[in-house]
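I wanted to go through this assembly one piece at a time and keep a record of what I looked up. These are my entries, in the order that I found easiest to follow.

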Protein chains: 4
Amino acid sequence: MSSNFGTLFKIATFGESHCKAVGVVIDGCPPGIQLGEDDIQPQLDRRRPGQSKLTTDRSEKDRVTILSGTENGITLGSPIALMVNNLDQRPGDYGDMSSIPRPSHADFTYMAKYGIKASSGGGRSSARETIGTVASGAVAMKILKEQYNLEIISWVSGVGPFAASPVDPETISREVVDQNDLRCPDLKQLEEMRQYIMSLKEEGDSTGGIVSCAIRNVPAGIGEPVYEKLEAKLAQAMLAIPATKGFEIGSGFAGTKLRGSTHNDPFTQKAGRLGTVTNNSGGIQGGIANGETIHFRVAFKPPATISLPQDTVNYDGESVTLKAKGRHDPCVVPRAVPIVESMAALVIIDMILRQEARKALKTL
Amino acid sequence: MSSNFGTLFKIATFGESHCKAVGVVIDGCPPGIQLGEDDIQPQLDRRRPGQSKLTTDRSEKDRVTILSGTENGITLGSPIALMVNNLDQRPGDYGDMSSIPRPSHADFTYMAKYGIKASSGGGRSSARETIGTVASGAVAMKILKEQYNLEIISWVSGVGPFAASPVDPETISREVVDQNDLRCPDLKQLEEMRQYIMSLKEEGDSTGGIVSCAIRNVPAGIGEPVYEKLEAKLAQAMLAIPATKGFEIGSGFAGTKLRGSTHNDPFTQKAGRLGTVTNNSGGIQGGIANGETIHFRVAFKPPATISLPQDTVNYDGESVTLKAKGRHDPCVVPRAVPIVESMAALVIIDMILRQEARKALKTL
Amino acid sequence: MSSNFGTLFKIATFGESHCKAVGVVIDGCPPGIQLGEDDIQPQLDRRRPGQSKLTTDRSEKDRVTILSGTENGITLGSPIALMVNNLDQRPGDYGDMSSIPRPSHADFTYMAKYGIKASSGGGRSSARETIGTVASGAVAMKILKEQYNLEIISWVSGVGPFAASPVDPETISREVVDQNDLRCPDLKQLEEMRQYIMSLKEEGDSTGGIVSCAIRNVPAGIGEPVYEKLEAKLAQAMLAIPATKGFEIGSGFAGTKLRGSTHNDPFTQKAGRLGTVTNNSGGIQGGIANGETIHFRVAFKPPATISLPQDTVNYDGESVTLKAKGRHDPCVVPRAVPIVESMAALVIIDMILRQEARKALKTL
Amino acid sequence: MSSNFGTLFKIATFGESHCKAVGVVIDGCPPGIQLGEDDIQPQLDRRRPGQSKLTTDRSEKDRVTILSGTENGITLGSPIALMVNNLDQRPGDYGDMSSIPRPSHADFTYMAKYGIKASSGGGRSSARETIGTVASGAVAMKILKEQYNLEIISWVSGVGPFAASPVDPETISREVVDQNDLRCPDLKQLEEMRQYIMSLKEEGDSTGGIVSCAIRNVPAGIGEPVYEKLEAKLAQAMLAIPATKGFEIGSGFAGTKLRGSTHNDPFTQKAGRLGTVTNNSGGIQGGIANGETIHFRVAFKPPATISLPQDTVNYDGESVTLKAKGRHDPCVVPRAVPIVESMAALVIIDMILRQEARKALKTL
């Protein structure tokens with residue numbers, strides 16, 4: 001188990017679906033920042049189950065409490081503990097699954113790792129674990145916005161076979177993203193996507209999807225080659241989100257088909273800085289931000305828990321047909337949007353702090 | 001700069017193109033392992049420039065020396081320092097580039113980060129930096145093979161517009177991969193791919209490509225959720241390799257288009273263990289290995305350094321036409337094959353050590 | 001701020017005197033351990049204020065709640081969050097101190113570091129911060145006792161000018177230590193020491209003291225040279241406890257006066273293992289446990305907060321006389337006993353896990 | 001094995017007595033620093049064996065080579081690898097010791113840990129391992145001096161039963177320390193101390209001693225409570241030096257006997273800052289530097305390797321008399337002086353970098 005992330009802005013998350021609370025401790029948050037629960041709650045609300053018909057019917061209010069680290073609404077520099085109580089626990093829903101590992105779920109691997117499993121199956125593999133990520137990411141995002149005018153915006157860019165038409169990473173806004181419950185700015189295909197998800201929900205099936213993300217106003221120079229290149233930490237961060245199977249930045253897999261003469265981003269003079277004409281690099285070169293907008297895409301597989309019957313075997317290797325009970329998302333991408341933003345924020349703030357330390361001692 | 005990787009099997013690499021030596025210190029290698037330079041050299045030979053006409057003409061013998069950590073060919077448990085001298089240095093080749101940042105190369109970002117640059121431009125962004133990775137990865141791979149019969153095999157699965165036909169991750173061998181200088185097992189398209197690369201080399205252009213990787217006989221249970229899920233660390237490891245733009249595991253981006261009922265991998269009884277019928281998961285569920293073969297793909301962009309003229313600006317923002325000199329790879333994927341294997345080995349050995357620690361204290 | 005400790009058994013503590021709660025998240029606790037709040041509470045009770053007349057009159061019940069990481073009283077392998085609510089908050093007690101930094105307290109340095117301070121002055125320098133340490137240490141101690149029969153016993157061995165007569169580290173028990181409220185096994189001097197503390201309390205003054213610690217049944221081989229030698233991590237752990245000024249292991253400072261021929265511990269055959277005749281080494285040689293009892297001593301300065309008037313200056317540099325209000329310990333060593341044990345346990349369990357990982361791959 | 005130290009200014013050392021080379025890789029050294037081998041060599045010369053009659057007769061020139069990380073004498077920001085070749089290897093000297101663990105040496109514990117041992121016995125427990133520490137410490141010290149006018153001075157303050165009279169930490173200089181080969185500023189007792197050591201050398205015995213250290217011009221605010229308090233990291237750093245048994249800062253163990261009213265350091269207005277009248281705190285309060293001079297003492301035991309016969313047992317538990325061969329120091333403290341300085345420098349520079357990162361984001 002490694003529920004820690006970050007070198008200078010460090011988080012330690014805790015909690016699974018059926019314990020008393022979930023949350024996070026942030027160590028290394030700078031002092032003197034105005035911070036209240038209202039700064040954190042909106043992202044939790046965007047993440048929580050039961051927001052719309054497109055998500056699971058499990059409904060939790062997910063109210064956050066700041067346990068420590070602030071006084072009179074100002075951060076002290078000491079660890080900030082954030083807690084959300086678990087309210088809507090129904091372990092009974094998982095009856096069958098005590099003897100049958102759900103296909104493509106973490107039931108089996110948690111058992112292989114720990115020799116024990118939580119009543120909900122995969123323990124910390126539950127989406128509920130992401131509350132700590134989102135709560136701490138909201139704190140990071142607030143600081144980045146206030147100190148650097150840095151913005152992190154994610155949106156749904158694919159649902160099953162539907163690929164949304166591209167949006168401009170330079171201008172996409174959270175307001176536009178949140179105009180609909182799918183968080184997809186492609187209004188032309190929106191209704192079709194929604195109906196696809198609703199029909200799968202009804203069938204007891206699920207679908208995958210893609211979340212895109214743009215990070216604007218990134219200070220040039222952040223990122224720590226070799227092994228903590230900025231894209232490497234973003235990739236780790238994204239693949240740490242439940243149900244992710246892929247990450248690509250800038251030109252990504254499509255860029256492998258191009259020639260260097262086409263793919264290279266020539267430099268040009270921009271307002272007060274060197275910039276690039278194109279942005280196939282996705283804002284990063286050699287593991288270090290170049291000041292252009294960072295943009296990347298994250299692949300989410302279809303949720304493993306479906307209520308359609310599945311032919312599989314139980315822990316004893318005997319053939320069985322599993323019909324999973326419980327309330328589950330037919331498609332995770334609408335709720336994944338704030339999670340992707342949060343992980344991105346946690347990467348970026350840590351890299352900024354590390355670069356600031358370096359600059360302070362620079363002599364040339 | 002963060003040239004460290006690993007929690008228990010820790011490496012610290014050093015060196016750039018134009019200093020005296022490059023290398024790595026491994027801390028945490030278990031004692032009592034037979035280890036000589038001959039165990040390491042073959043992978044360095046697969047990585048080195050000048051192996052074939054497909055790569056750069058820069059030629060280095062890259063002979064490794066074990067400086068410490070072994071006695072009489074046995075590891076002591078103390079740090080193992082591995083060094084390769086730099087021989088073929090020609091800083092003169094980089095004349096123009098002192099005033100012009102190469103498009104899509106790390107010249108500009110290294111300057112933004114450090115306010116200084118090595119004569120070769122991007123300092124540690126040079127492919128030469130990967131020697132430390134490959135040397136330490138070879139040590140890890142030897143241990144994994146001897147102790148767990150664990151095998152890591154990478155191959156070229158795409159070159160520019162050419163997608164190689166799929167190979168079976170369960171059976172692909174290094175012998176098959178190394179049958180040709182492209183390290184691509186698709187013999188039907190091989191000649192076409194080679195000619196494509198050779199023609200780009202002649203033009204002074206470059207192309208991207210894809211490297212695939214299979215890891216067999218992985219102990220079920222390794223991987224450290226949440227933030228160090230096995231796929232998350234693999235993603236970080238791959239995106240830390242120069243010129244990479246994407247990572248996908250199992251069904252990857254294509255899997256986002258599927259339904260859960262199609263995508264899920266049902267369990268079945270295999271010899272002595274539960275296994276899965278299909279392997280869309282790519283051997284990992286919930287961040288933890290399930291014992292099936294891990295397979296993933298890594299996207300490499302076309303190398304940024306090309307000798308075709310490029311319209312760009314210099315550091316002062318003035319329009320210039322850059323014609324890069326120097327000797328460069330038209331396509332990095334053949335040489336990237338051992339690098340991908342090495343990074344994978346460094347991830348896996350660390351995760352195995354961490355899981356072994358856990359098991360030792362397990363009581364149920 | 002670095003409220004994290006440990007490489008495999010990792011803790012992250014949080015909370016200061018005047019926030020809602022204090023606590024700790026443990027990441028890396030092995031699964032399958034029986035664990036309930038009753039396993040943790042006794043050490044918190046030994047640490048809490050208001051236990052006896054010798055300590056501060058501030059009284060808190062300090063009831064611990066397990067928020068996550070267990071189910072049906074068994075650890076899951078996931079993070080264990082432990083929380084203690086703050087009940088008896090009286091920020092009003094600190095009136096004067098908003099403008100005057102208490103001499104030898106952390107008020108001034110916290111301001112220098114963070115540019116802000118908690119209403120209690122030194123924020124996390126409060127003894128209340130140690131609740132997280134003690135709670136997580138109790139978990140570690142339980143595991144060490146059950147799995148290795150490893151015992152950690154601390155006691156008071158000095159109070160101001162009174163040096164307790166030596167006790168045998170091989171036999172001292174917690175029952176003997178807890179026979180009196182001073183936790184000092186030297187019954188001859190006990191009454192004199194107690195009266196000394198009571199008279200200082202009345203005067204509004206304070207005194208320093210020494211806590212000794214013995215760790216029995218330590219597996220030979222644990223400790224991670226060079227920079228994480230076992231004694232080095234113990235030293236760090238002890239100097240991280242509030243009010244500590246020194247650490248010595250085995251012969252310590254007195255041993256510097258001896259000759260090697262006197263100081264060396266000759267080996268002898270013991271039951272089933274090599275042992276040493278004497279134990280000037282304190283159970284550690286070259287940073288690695290040799291299987292003998294580890295014993296060390298920790299120096300605690302007199303508490304800085306006294307109610308006697310002190311001539312000092314305020315933050316503006318103006319001469320003032322400070323008379324601190326609030327309720328404070330005249331001598332911290334009785335309450336420091338469980339804290340020393342806890343920090344020792346956190347070091348030892350982490351080192352055992354790291355050595356178990358190494359042994360699993362050993363081939364000779 | 002953990003040969004790594006530091007969070008932002010990170011070192012990884014390597015090498016034992018009888019391999020090809022010893023050295024260190026520094027990751028995180030800021031760019032733009034003037035750095036040549038001449039900046040590092042003097043501290044290695046102060047550490048090397050054979051400097052004077054007081055030390056071992058083993059003589060090594062210990063010439064350092066910078067392998068990477070600089071160009072034209074300027075640091076690039078990339079890892080700096082420093083190497084010293086091993087020249088004077090005489091493994092034959094250790095004949096007897098292959099079957100007999102030396103009392104109080106690390107032979108036995110290295111065997112317990114690794115199941116194998118270097119021909120020199122305790123592998124990395126050799127003093128030769130400290131070359132990497134001293135070389136990297138010299139780099140840190142140069143930066144600290146140039147950027148902060150920060151000075152780190154150590155000296156011998158005790159040899160066996162001889163306690164040197166105190167020196168003023170505010171004024172002691174390296175020139176004064178190096179006036180004699182014992183590195184002890186107490187000229188009155190110097191000759192007696194030297195003769196004591198020489199007579200022990202002749203007898204084949206050894207003695208312990210004490211090294212003191214002062215750190216001046218430390219920026220107020222550095223140190224990372226809770227678990228990386230400045231004194232905690234200094235304690236770890238010092239106890240990681242071979243042969244150390246104790247650490248005390250400021251008033252140390254003697255201060256435990258005092259009352260708070262005597263021990264507290266009242267504040268006073270100093271030039272441009274608040275300072276303290278006395279300095280029992282040793283420059284640190286609550287784990288954070290207060291801007292006063294940091295001063296501490298380190299206890300060194302008598303070297304374990306003596307040539308006087310010792311009654312002990314061999315690895316088989318059979319009684320034997322050991323007469324160690326080889327060339328060894330009768331007293332390590334003169335050579336320990338630069339090692340203490342180096343470890344202190346490595347702690348301080350890391351803490352400064354971490355605090356600079358925090359300050360960059362501070363808003364109040």
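**Entry 1, a strand and its partners in chain B.** I began with a predicted model, and my starting point was the link between β8(B) and strand β9 (residues 162-163) of chain B, which run antiparallel and are joined by two bridges. Looking for a residue pair in that link, I found that B:V159 has B:F162 as its bridge partner in β9(B). The hairpin of β8(B) and β9(B) has two residues between the strands, and there B:G160 takes a positive phi near 50°.

I then looked for another neighbour of the strand and noted that β8(B) also pairs with strand β10 (residues 209-216) of chain B, in the antiparallel sense and over eight bridges. In that pairing I picked out B:W155, which stands opposite B:S212 in β10(B).

Is strand β8 of chain B enclosed by the rest of the structure, or is it not? I counted eight buried residues among the nine of strand β8 (residues 151-159) of chain B, so the strand is largely enclosed by the rest of the structure.

**Entry 2, a helix in chain D.** I checked the length of helix α9 (residues 333-360) of chain D against what its 28 residues should span at 1.5 Å a residue, which is 40 Å; the end C-alpha atoms are 40 Å apart, and so the two agree. I also looked up how covered α9(D) is, and 26 of its 28 residues are buried, which leaves the helix mostly covered.

**Entry 3, backbone details.** I turned next to the peptide bonds and found that the one from B:P225 to B:V226 is cis, with omega near 10°. I placed B:V226 in the loop between β10 and α6 (230-239) of chain B. In chain D the peptide bond from D:P225 to D:V226 is cis, again with omega near 10°, and D:V226 lies in the loop between β10 (209-216) and α6 of chain D.

I also looked for positive phi values outside glycine, and noted C:A243, which is not a glycine and yet has a positive phi of about 75°. That residue sits in the loop between α6 (230-239) and β11 of chain C. Is C:A243 buried or exposed? I found 23 other C-beta atoms within 10 Å of C:A243, and with 20 or more needed for the term, the residue is buried.

A further case is D:N149, a residue other than glycine whose phi is positive, near 55°; I located D:N149 in the loop between α3 (130-148) and β8 (151-159) of chain D. For D:N149 I found 9 other C-beta atoms within 10 Å, and with 12 or fewer taken as the limit, this residue is exposed.

**Entry 4, chain D against chain C.** How many residues of chain D are in contact with chain C? I recorded 93 residues of chain D in contact with 93 residues of chain C. Helix α6 (residues 230-239) of chain D gives the largest share of the side of chain D that touches chain C, namely six residues. By class, that side of chain D divides into 38 nonpolar, 38 polar and 17 charged residues.

I also followed a strand pairing across the two chains, where strand β11 (residues 244-249) of chain C and strand β11 (residues 244-249) of chain D pair in the antiparallel sense over three bridges. Within that pairing, C:G246 has D:E248 in β11(D) as its bridge partner.

For the symmetry, I noted that chain D is superposed on chain C by a rotation of 180° with 0.0 Å of shift along its axis, at an RMSD of 0.0 Å. D:Q236 is the residue of chain D that comes closest to the rotation axis, at 2.4 Å (C-alpha). Since 100% of the interface residues of chain D are also interface residues in chain C, the copies meet through the same surface.

**Entry 5, chain A against chain C.** I recorded a contact that takes 38 residues from chain A and 39 residues from chain C. On the side of chain A that touches chain C, β3(A) gives the most, with five residues. That side of chain A has 16 nonpolar, 15 polar and seven charged residues.

Conventions: Residues numbered from 1 in each chain as written. Chains lettered and ligands numbered in written order. Predicted model: local features only at pLDDT ≥ 70, side-chain atom pairs only at ≥ 80, totals over all residues. Contact = placed C-beta atoms within 7 Å. Helix = DSSP H or I, 4+ residues; strand = E, 2+ residues; numbered from the N terminus. Nonpolar A, V, L, I, M, F, W, Y, C, P; charged D, E, K, R; others polar. Pairing = 2+ DSSP bridges. Expected span 1.5 Å × (residues − 1). Least-squares fit on C-alpha atoms with pLDDT ≥ 70 in both.
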